[in-house]
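Subject: Structure handover

Hello,

Here is the structure I said I would pass on. My notes follow it.

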Amino acid sequence: VMVIDGDVATAEITGRYLLRAGYEIRTAHTASSALSLHGERPADLIVLDLGPSGPASLEILRRMHADENPALGVVLIVDREHQVQRDAGLVAGADDYVVKPFSPRELVARVDATLRRSLPRSSPPSHEPQTLTAGDLQIDIAGHRVRLAGTEIHLAQKEFDLLLFFAQSPGVAHSRDELMQRVWGYEEYSDTSTVTVHVKRLRDKIHLPGTPALLHTVRGIGYRFEPPSPA
C-alpha cells in the first residue's frame with residue numbers, strides 16, 4: 001500500500017495504522033515521488049489524502065490510472081468540508097473514501113474491502129470464454145474486458161465489479177445498501193453516496209447514443225440492469 005500525503009507527519013501516522021494491520025507500506029509526499037515509486041514497483045492500492053491540494057492530488061490519481069490498470073485500488077482521505085473533491089476523486093477512479101477525522105479501524109476496513117475486490121484471484125482454467133452479452137455490450141469475465149459495439153471501453157476495477165454484478169442479475173432491482181454489501185464488501189457503513197457516483201459514471205460509459213439505457217434508477221429502491229429484448 002502506498003500512502004500519498006503532502007504532510008509528512010500525517011503520512012507517517014496513516015502508514016502506521018496500515019503497518020499494524022499487516023500491510024507493507026511506502027509513503028510519498030510529492031507527485032513526482034509517488035509516480036517514481038509506483039513506476040519502480042506498482043502498488044496494489046494507494047491511500048491518497050486530497051487535503052487542501054485536491055486538484056494536484058487528483059492529477060496523481062489520473063496519471064496512475066493512465067496505464068489503464070484496473071487492479072489499482074484507491075481509497076481517498078477527504079476533509080468533511082471538501083465534498084466536491086470527494087466526488088471528483090470517485091469520478092477519477094477512486095474506489096472508496098474516509099472522511100476526517102476517521103478511526104484507524106475504519107481506514108483498515110475500507111482498505112481490506114477494496115483489496116478483496118481489486119486483487120486478481122486465481123480461477124480454474126476454462127476452454128470457453130466466460131462472456132455476458134446485453135445488446136451491444138459484451139462482458140468478457142475471464143479477460144476482464146468490456147466492449148461496447150465492438151470497441152473496448154476502460155472501466156476501473158469497482159466499475160467492472162458493479163457492472164458484472166448487475167449483468168448477472170438482469171431485471172432485478174438492487175438497493176444502494178445491498179450494493180455496498182455485495183460489491184463493496186461492507187457489512188457496516190453509513191454513507192452510500194459512493195454507489196451513486198459509481199453508478200452514474202458506469203451508466204455514462206456503457207450507454208451507446210441512440211439506444212435504450214441499460215442501467216435504470218428505480219425510485220425509492222435503487223438500480224436495475226435491463227438488457228434489451230432480443231430482436
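Which residue in E12 is the bridge partner of His-216? It is Arg-224. Please keep in mind that this is a predicted model.

That pair belongs to a sheet, so to speak of its surroundings: strand E11 and strand E12, the latter covering residues 222–225, pair in the antiparallel sense over 4 bridges. The whole sheet is open and has 3 strands, in the order E10-E12-E11, with antiparallel pairing. Strand E10 (173–175) and strand E11 (215–218) are at the edges; each has a single partner strand, so one side of each lacks a neighbour in the sheet. On average, neighbouring strands here are turned by 35° against each other, direction ignored.

Two helices pack on this sheet. Helix H6, residues 157–167, touches E10, E11 and E12, and its direction makes about 70° with that of E12. Helix H8, residues 193–206, touches E11 and E12. The direction of H8 makes about 145° with that of E11.

Some further notes on H8. This helix has 14 residues and reaches 20 Å from its first C-alpha to its last, which is close to the 20 Å expected at 1.5 Å a residue. Its buried residues are Ser-193, Thr-194, Val-195, Val-197, His-198, Val-199, Arg-201, Leu-202 and Ile-206. As background, an α-helix has 3.6 residues a turn, so residues three or four places apart point the same way.

I also looked at two residues in an earlier part of the chain.

Is Thr-14 buried or exposed? Its relative accessibility is 4%, so Thr-14 counts as buried, the cut-off being under 20%. Thr-14 is found in helix H1. Leaving aside residues up to four places away in sequence, Thr-14 touches Val-3, Val-47, Ile-77 and Leu-107.

The other residue is Ile-25, in the loop between helix H1 (8–20) and strand E2 (26–28). With 21% relative accessibility, Ile-25 counts as partly exposed, because buried means under 20% and exposed means over 50%. Again leaving aside residues up to four places away in sequence, Ile-25 touches Val-1, Val-3, Gly-15, Leu-18 and Leu-19. Val-3 is 22 residues from Ile-25 along the chain, and the C-alpha atoms of the two are separated by 7.2 Å. Val-3 is also among the residues that Thr-14 touches.

Regards

Conventions. Residues are numbered from 1 along each chain as its sequence is written. This is a predicted model: local features need pLDDT of at least 70, side-chain atom pairs count only at pLDDT 80 or more; totals for chains, interfaces and linings use all residues. Side-chain values use heavy atoms; hydrogens and water are left out. Buried means under 20% relative accessible area, exposed over 50%, partly exposed in between (1.4 Å probe, protein chains only). Contact means heavy atoms within 4.5 Å. Two strands pair if DSSP finds at least two bridges between them. Axes are lines fitted to C-alpha atoms, for helices over the stretch in contact, and angles run from 0 to 180 degrees between N-to-C directions. The expected span of a helix is 1.5 Å times one less than its number of residues.
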